[in-house]
Amino acid sequence: MIRLNDILDKIHSYSPDADTSLVEKAYVYSAKVHAGQTRLSGEPYLTHPLAVAYILAELRLDSASIAAGLLHDTVEDTLATIEEVEEMFGKDVAQIVDGVTKLSKIRFQSQIYKQAENIRKMILAMSKDIRVLLVKLADRLHNMRTLEYQKEYKRVKIARETLDIYAPLAGRLGIDWVKLELEDLAFLYIYPQEYQDLRKEVEDHLGKRKAYVEEVKDLIAEKMMDFGLSCRVTGRPKHLYSIFRKMRRRNVPLDQIYDLIAFRILVKTLKECYEALGIVHSLWKPVPGRFKDYISLPKANMYQSLHTTVIGPYGERMEIQIRTEEMDKVANEGIAAHWLYKEGKIISKEKEHQFDWLHQLMEWQKELEDPREFLESVKMDLFPNEVYVFTPKGEIKEFPRGATPIDFAYAIHTDIGHHCSGARINGRMVPLKQELHNGEIVEIITSEQHVPSRDWLKFAKTSKARARIRQWIRTEEREKSLALGRDLCAREFKKHRLNFNELMKTRGTEIAKMFSFKTPKDMLLAVGYGKISPSHILRKVIRVEQPEGPEISEEKEMKVQKHADTPGQQGILIHGLDEIMIHLGRCCTPIPNDEVVGYITKGRGVTIHRENCTNVRNLDPERRVEVTWDPVEGATYPVRIRVISADQKGMLAAVSNAISAEEANILKARVTTTPNYDAVFNFKVEVRDRMHLSKVLSNIRKIKGIIQVNRLSS
């Protein structure tokens, strides 16, 4: 358990003359207001703010930040108020605490709205003072270290959010050790079996390779000394999650990952970095296409280093990183090397452009009202930019890997993006979906006759491009839906000899308010989008005209059940809609306990998709409806899974038995083999819910020879 003296000692280790009275005062106050509270582990609640404060001291922050770490939960979890915190600890500390405090007392339409609003508030606060984000990261890191005490579904949910939002944020700030620990902890709870299996494999592998690592380190140091270069050489294994991600991306087992160990050469000057690179390449043959110069073109988080992969001793590939001691400090401490923790300001103005991404996040939170679009934009903008291209005038533009000329066009100006008709790369005409590569010169061709297409969303990668394309499409569809809604209502009312247009002129606002719409236009849009039927409006108007008739509830939440293609029934609660057909999406096969969203399709009712379904991302958010599960007892649901194993006799029978042992029915099975002598099984099975599926997958993973087991998401 961390104690106050541990924190104070840590502060004095990097700031011997620091005044720690504010930290000591915050400790006393936090202990007082949290008295009697306990964590899920049974420990006193105070252990959490103490641990957060210690992490902040490890990040070498100032007293105000560490005091805020001790106080970060006081407003949310005790009777303390932000005004009281400001009065006792000053405006700086109060602003940080307020920025970190969750919006727990506000009711939102759904969990995703709550998550989006929390992140919006955090971005607003950290744009004023970056220390807000640093305290939030320390809070999340300690929560992840103690996640085992949460219920399983919460563990997975928190770990997924950590992997999607907080680990990339730490990476963007250049705090490598926090990012890597968050990723490994999230990996542990999202894929527990894969984590344990991989950890054991890696430990066994590295145990056998210890002598090899020492031999290579000595050889590099000796060779550098021969050329008069003084250096420090380290050899470290890659982190588990990065190994796991590489195995999944390449679809290979661990023994086919050849660069498990990265060797690092630390020298004194920039000139020596390139000299060391030349020595390494003279010693071992470099692998073509595996050299990256992050010194000339630093990453967005200020990271600088030379990366090369060579064929080392015994013909094995190995990765070597070369940097100065100062670059290494930046790689580990990130933002701490360039920011002054007094009012969260930047020390050097030259470094300010490296945080343009933060200003971009600010723009998104202002412009994107739909929480899913906002969260998608945040996730996309947090991942490091990897591709550097040039305008015809020689200006450098940075883009995420996979970006296309469409992204380039919108990066120049929204109007250029809207009217982009073609592109030239290095003087040659290319399709708009062509991926950009480092060093290319990109020129955009425009035409007033060209406008955005929904197909552009399939290959646009940047948040700005996708947001602008969606905005254009939404405006176009909005006008069409408004006209359609007006026309449908006019026809329906005409059947009953009522003049809809006259009613709208005299009583439009009144009728709209009957359905909780602010304006008649909002109501007509809902009709055009299929969220409400013209007959529903007609019935309500007639009831108002005939008060003696039965009342119709304005707010309905009906359970809609229908037989699927497979045995059983699906129970879904749709908020605010009735008399509507429901289909479960075949693309992502949602099952109970999945986070789901409904999408209205004209003439086909509501299709239920998983939140992370790729087919939902590019659809009009105004046609989404909030839905929740209310599964029918005894019902089963189809789900698709993929199993990759060694191609050996009896494997299909073993996997089938593992599925049947958990009382899951196999509807369909297909088996193929790969050139690497792996067997790939694609199953369609019936399960009761997500927990049942988890047990099925866990049972399969226990089989000897299994390489990978995944649920297919689309």
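Where in the chain is Asn426 found? Asn426 is found in the loop between β11, residues 420-425, and β12, residues 428-430, and I begin there because Asn426 has a positive phi of about 55° although it is not a glycine, while most residues other than glycine have a negative phi. Please keep in mind throughout that this is a predicted model. With a relative accessible area of 53%, Asn426 is exposed, since the cut-off for that word is over 50%.

There is another residue to put beside it, and that is Arg60, whose phi is near 65°, again a positive value in a residue other than glycine. Arg60 has its place in the loop between α3, residues 47-58, and α4, residues 63-71, and at 39% relative accessibility Arg60 counts as partly exposed.

Helix α3 also holds Glu58, which counts as partly exposed at 32% relative accessibility. Which residues does Glu58 touch, not counting residues up to four places away in sequence? They are Lys10 and Trp177, and in the case of Lys10 the C-alpha atoms of the two residues are separated by 7.1 Å, although Glu58 and Lys10 are 48 residues apart along the chain.

Let me step back to the whole protein for a moment. The protein has 26 helices and 24 strands, and of its 714 residues 50% count as buried. If we take the contacts between residues at least 6 apart in sequence, 65% of them join residues at least 24 apart.

Among the helices, I would like to spend some time on α10, which runs over residues 152-172. At 1.5 Å a residue, the 21 residues of α10 should span 30 Å, and because the C-alpha atoms at its ends are 29 Å apart, the expected and the modelled span agree. There is nevertheless a kink of about 45° in α10, and the kink is centred on Thr162. Thr162 is itself one of the buried residues of α10, which also include Ala159, Glu161, Leu163, Ile165 and Tyr166, together with Ala167, Pro168, Leu169, Ala170, Gly171 and Arg172. Just after α10, Gly174 takes a positive phi of about 80°.

Now to the aromatic residues, where the count comes to 12 aromatic pairs. One of the pairs is formed by Phe187 and Tyr195, which are edge-to-face, at 5.3 Å centre to centre and with 70° between the planes. Are these two residues buried or exposed? Both Phe187 and Tyr195 are buried, and ring pairs link them with Tyr191, Tyr241 and Phe244 into a cluster.

Lys238 is the next residue on my list, and it lies in the loop between β1, residues 232-237, and α13, residues 240-250. At 17% relative accessibility Lys238 counts as buried, because the cut-off for buried is under 20%. What does the side chain of Lys238 make a polar contact with? The partner is the side chain of Glu319, at 3.0 Å. Leaving aside neighbours within four places in sequence, Lys238 is in contact with Glu319 and also with Ile243, Lys246, Asp259 and Leu260.

The last part concerns the strands. An open sheet of 4 strands has the order β16-β18-β17-β19, and its pairing is mixed. Strands β16, residues 582-584, and β19, residues 624-625, stand at the edges with a single partner strand each, so one side of each is left without a neighbour in the sheet. Within the sheet, strand β17, residues 596-601, and strand β18, residues 605-610, run antiparallel and are joined by 6 bridges, and the bridge partner of Tyr599 in β18 is Thr607.

Further along the chain, strand β22, residues 665-673, and strand β23, residues 678-687, also run antiparallel, with 8 bridges joining them. How many residues lie between β22 and β23 in the hairpin that they form? There are 4, and in that turn Tyr677 has a positive phi of about 65°. For anyone who wants to trace the pairing in the viewer, a useful place to look is Asn665, whose bridge partner in β23 is Glu686.

Definitions and conventions. Residues are numbered from 1 along each chain as its sequence is written. Side-chain values use heavy atoms; hydrogens and water are left out. Helices (H or I, at least four residues) and strands (E, at least two) are DSSP runs, numbered from the N terminus. The expected span of a helix is 1.5 Å times one less than its number of residues. The bend at a residue is the angle between axes fitted to the seven residues ending there and the seven starting there. Buried means under 20% relative accessible area, exposed over 50%, partly exposed in between (1.4 Å probe, protein chains only). Two strands pair if DSSP finds at least two bridges between them. A polar contact is a pair of N or O atoms within 3.5 Å; within protein, one must be able to donate a hydrogen and the other to accept it, and residues adjacent in sequence count only if both atoms are side-chain atoms. Contact means heavy atoms within 4.5 Å. Rings of Phe, Tyr and Trp (its six-membered ring) pair if their centres lie within 6.5 Å; planes under 30 degrees apart count as stacked, over 60 as edge-to-face and the rest as tilted.
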